[in-house]
Amino acid sequence: MQKNFVVKGNIISSKNPSELAIHENAFLVCAEGLTAGIFPELPEEYASFPLYDYGKCLIIPGLVDLHVHAPQYTYRGLGMDKELLDWLQTYAFPEESRYEDPDYAERAYRIFVEKMRTNATTRACIFATAHVPATLLLMEMLEKSGLITYVGKVSMDRNAPAPLCEESPAVAAAAVEKWLKTSLKKYKNTKPMLTPRFIPSCTDDLLTSLGRFQKKYHVPVQSHLSENLSEIAWVRELCPYSSDYGEAYEHFGLFGGNAPTVMAHGVWPGKREFARIKERGVYIAHCPQSNTNIASGIAPVRQYLDAGIHIGLGSDVAGGSSDSIFRAMVDAIQVSKLRWRLITQDDAPITLDEAFYMATAGGGEFFGKVGKFEEGYEFDAVVLDDENLPAPREFSTHERLERIVYLGDDRNIAAKFVAGRKLFG
């Protein structure tokens with residue numbers, strides 16, 4: 001597949017966490033799947049590369065979804081009047097139990113993967129279910145989609161319905177290790193990720209095994225952190241040996257350091273947990289729509305950004321009802337304004353440029369040199385056409401981006417590239 005080419009258009013990327021770099025009517029070069037540079041005129045050395053001229057379109061790095069539940073896509077928009085723990089029992093767990101049926105899993109995951117392929121997301125960290133066959137099926141589909149993803153077989157051996165609660169810590173651990181051995185080297189673009197659902201659903205024995213697997217197989221970790229006050233109180237009861245939720249994971253080697261880790265939410269970090277997140281290099285997946293829908297609260301994103309903590313965005317389908325990371329950008333901005341106005345004026349609202357950073361470079365960093373159009377970065381790009389957003393006047397390139405973020409949808413996506421591979425357009 002062609003990995004040497006040039007795209008032309010209005011190119012936008014993050015210069016730093018709070019400022020965009022905009023290159024109008026410029027040439028963006030992909031060489032062997034990596035960004036070679038942005039140029040006002042095409043250098044002679046690239047003159048022989050195929051050129052995709054997208055005219056007035058905007059060209060941005062691919063968006064990164066750091067937290068999404070694939071099996072929950074089927075019931076988006078349901079149960080939004082419930083809080084987290086009731087919502088899990090009423091909607092999430094019953095639906096995920098269906099994935100024991102491979103036919104149901106195939107039908108449901110086909111819908112999810114096709115939506116991910118055609119939206120603006122190029123990379124994602126994805127929760128599957130506790131079922132190994134269904135998880136492998138999802139990984140097969142994602143591999144064929146051209147996206148680059150981490151996928152987790154969910155681990156849970158307590159406080160869950162019988163169809164999802166694994167028989168014992170030993171049985172649960174054996175299933176994880178078998179899945180890891182099967183999937184670790186099977187795919188090029190789809191990799192396994194250890195996925196304890198959250199502390200309340202995993203016994204200490206199971207978490208001990210997952211920590212051992214992390215060290216043995218060197219795989220990353222994803223889970224949930226300090227999302228909901230009732231959940232945090234529950235963790236305190238279950239883990240009296242830990243001073244905070246993060247320490248409960250760290251106790252088992254599942255919280256950053258040598259274990260690359262994404263933790264969703266971080267809505268209610270205490271001072272020690274906040275410091276632990278930074279010290280351990282943990283990535284926070286900010287999921288503002290989910291935090292609003294199931295009444296968890298407003299994460300202190302301004303504090304995370306100002307402290308230099310790794311942070312990206314997550315759709316958190318189906319706690320979030322939209323798979324769009326553009327929507328996550330809007331929600332992140334809006335809830336930060338509510339936090340500033342209603343909770344503390346010390347936390348200034350985040351800007352469009354900062355939300356864009358989280359959606360691209362902030363989350364992309366978890367995958368390596370991803371999320372920017374800088375030399376040597378993997379070439380993930382989305383081409384955006386705003387012709388279907390008419391207006392009686394002209395807008396700047398920055399304003400056009402803002403309008404697409406707030407007003408656009410998948411119809412604005414004219415082309416999509418992942419690691420130098422053109423998916424469509």
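Two strands are taken to pair if DSSP finds at least two bridges between them. In this predicted model, strand 6 (residues 121-127) and strand 7 (residues 148-152) meet that condition, being joined in the parallel sense over five bridges. Within this pairing, cysteine 125 lies opposite tyrosine 150 of strand 7.

Strands 6 and 7 belong to an open sheet of four strands, arranged in the order 5-6-7-9 with parallel pairing. The edges are occupied by strand 5 (63-69) and strand 9 (190-192). Each of these edge strands has a single partner, so one side of each is left without a neighbour in the sheet. From one strand to the next, the twist averages 20°.

A helix packing was also examined. Two packed helices are described by the angle between their axes and the distance between the axes. For helix 12 (residues 352-364) and helix 13 (residues 397-407), the angle is about 65° and the axes are 11 Å apart. Helix 12 is therefore roughly perpendicular to helix 13, since angles from 65 to 115 degrees are counted in that class. The crossing of helix 12 past helix 13 is left-handed.

On the side of helix 12, the contact is made by Leu352, Asp353 and Phe356. Their counterparts in helix 13 are His398, Leu401, Glu402 and Val405. By character, the residues of this contact comprise four nonpolar, one polar and two charged.

Definitions and conventions:
Residues numbered from 1 in each chain as written. Predicted model: local features only at pLDDT ≥ 70, side-chain atom pairs only at ≥ 80, totals over all residues. Heavy atoms only, no water. Axes fitted to C-alpha atoms, helices over the stretch in contact; angles between N-to-C directions. Helix = DSSP H or I, 4+ residues; strand = E, 2+ residues; numbered from the N terminus. Parallel < 35°, antiparallel > 145°, perpendicular 65-115°, else oblique. Left-handed = near helix turned anticlockwise from the far one by under 90°. Contact = heavy atoms within 4.5 Å. Nonpolar A, V, L, I, M, F, W, Y, C, P; charged D, E, K, R; others polar.
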